[in-house]
Amino acid sequence: MVVILKDHADQKKVKNLTDWLENQGLAVHSVVGQYQTILGLIGDTSKVDIDLIEGLDIVDNVKRISEPYKNANRKFHPDDTVIDVGGVKIGGGHFQFFAGPCSIEGRDQIISIAKDVQKAGAKILRGGAFKPRTSPYAFQGMRGDGLKLMLEAKKETGMPIVTEIMDASHLPLFEDVDIIQVGARNMQNFELLKELGKIDKPIFLKRGLAATLQELLMSAEYIMAEGNEKVILCERGIRTFETATRNTLDLSAVPMLKEMSHLPVVVDPSHATGIARLVKPMAFAAAACGADGLMIEVHNDPAHALCDGPQALHPEEFAEVAGGVNKILEAVRGL
Ligand code: PEP
Ligand code: MN
């Protein structure tokens, strides 16, 4: 980090700033130019309050040279992270489908969809029990009862499961859940992230509706800083001026995140587009640009789904997408 001082900055104030920074364990190198003085800060600057320094009357500008995320940073961890969920690997060349309904609606529904997506090649079953709905009057999910059915589907099929948590107080219910999802709306629920950092379970972290990639990685950092290094990032579309699709799928996020971080990156074309017929082309594109997996909503009766029916694929459509994606993965391997 470099601090550019104002011309003729008060020397006493500069000394105070230097002492304050050194007290934070940083080495401060001062470069005195003809017109400006620059302080170069060496050491771990991730905890330095940039806004506070920028607000000082002797400071012209502050620039970060290295990123504020350390644990998630590719620079300090050059190899891809591979997350192993009961033998199912994600990342580092291991591609997985996370498929299932938006929400668990009943025993027969979740078990039949689980079997169908498994047959089509999905290794991880998704399904929401606690649903973050825009309207408080919309179906809120089967909550605890839904989780029980999800666990039954896990037992029946042997598939690891991923489901969303909305409140840390629900954690005891998630004991047998394999991967805990943090939804887009909770990406910056920092207290929740800190609690999830204290457990030993993979966290599926979805990008917030208006979050930059750095913000997504800072949220991953919240989890990792507490000791849980198993974070899977998910690009699920961001909000833009476009209204023809539910969100705008930011596919450049995939190669960019892979440059910035070693964590696996999964794409969710269902929430990104909100339109079932767009899921296939976007899934193909995601596979081609280096995603480590796809999260796809599948329902046995999309027209009557209690949540997100318009974006849900029939199991046969999912099988077709999965088949095509596998061909694309084969084609791009080694390119
Ligand atoms: C979901 O996966 O069911 C979901 C609600 O997704 P998002 O948080 O991305 O909207
Ligand atoms: Mn959904």
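**A manganese site and its neighbouring ligand**

At 8% relative accessibility, His271 counts as buried, because buried means under 20%. The model is predicted. His271 makes a good starting point for a walk through it. This histidine lies in helix α8. Its side chain is joined to that of Glu297 by a polar contact of 3.0 Å.

What coordinates the manganese ion (ligand 2)? His271 does so through NE2, and Glu297 through OE. Cys102 adds its SG, and Asp308 adds an OD atom. The coordination distances run from 2.0 to 2.4 Å. Read along the sequence, the donor residues follow the spacing C-x168-H-x25-E-x10-D. The elements that carry two of these donors can be named. His271 belongs to helix α8, residues 269-273. Asp308 sits in the loop between β14 (293-297) and α10 (315-332). The pair therefore ties together parts that are 37 residues apart in sequence.

Are the other donors Cys102 and Asp308 buried or exposed? Cys102 is buried, at 4% relative accessibility. Asp308 is buried too, with a relative accessible area of 16%. Both values fall under 20%, so both residues meet the cut-off for buried.

Now turn to ligand 1. Which residues surround it? The shell holds Arg126, Lys131, Pro132, Glu164, Gln181 and Gly183. It also holds Ala184, Arg185, Lys206, Arg236, His271 and Glu297. Two of these names are familiar: His271 and Glu297 are also donors to the manganese ion. By class, the shell divides into 7 charged, 3 polar and 2 nonpolar residues.

Several contacts reach oxygen atoms of ligand 1. Ala184 takes part through its backbone, with an N or O atom 2.7 Å from a ligand oxygen. Lys131 uses its side chain, placing a polar atom 2.8 Å from an oxygen of ligand 1. Arg185 also uses its side chain, with an N or O atom at 2.9 Å from a ligand oxygen. How much of ligand 1 does the protein cover? On its own, ligand 1 has 290 Å² of accessible area, and the protein covers 97% of that.

Next, the cysteines. A disulfide is a covalent bond between the sulfur atoms of two cysteines. The count here is 0 disulfides. Cys289 is in none, and the nearest cysteine sulfur, that of Cys234, is 13 Å away. The cut-off for a disulfide is 2.5 Å, so a pair at 13 Å does not count. Cys289 is partly exposed, at 25% relative accessibility. Cys102, in contrast, is buried and gives its sulfur to the manganese ion.

Another histidine deserves a look. Where is His262 found? It is in the loop between α7 (253-260) and β13 (265-267). His262 is buried, with a relative accessible area of 2%. Leu5 is 257 residues from His262 along the chain, and their C-alpha atoms are separated by 35 Å.

Finally, step back to the whole chain. The protein chain has 10 helices and 14 strands. Its C-alpha trace spans about 75 × 45 × 40 Å along the principal axes. Of its 335 residues, 51% are buried. His271 is one of the buried residues. This histidine coordinates the manganese ion and is also part of the shell around ligand 1.

Note on methods
Residues numbered from 1 in each chain as written. Chains lettered and ligands numbered in written order. Predicted model: local features only at pLDDT ≥ 70, side-chain atom pairs only at ≥ 80, totals over all residues. Heavy atoms only, no water. Near = heavy atom within 4 Å. Polar contact = N/O pair within 3.5 Å; in protein donor to acceptor, adjacent residues only side chain to side chain. Areas by Shrake-Rupley, 256 points an atom, 1.4 Å probe, with all protein chains shown as cover. Nonpolar A, V, L, I, M, F, W, Y, C, P; charged D, E, K, R; others polar. Buried < 20%, exposed > 50% of the residue type's maximum accessible area, 1.4 Å probe, protein only. Donors = N, O, S within 2.8 Å, 3.2 Å for Na, K, Ca; no water. Helix = DSSP H or I, 4+ residues; strand = E, 2+ residues; numbered from the N terminus.
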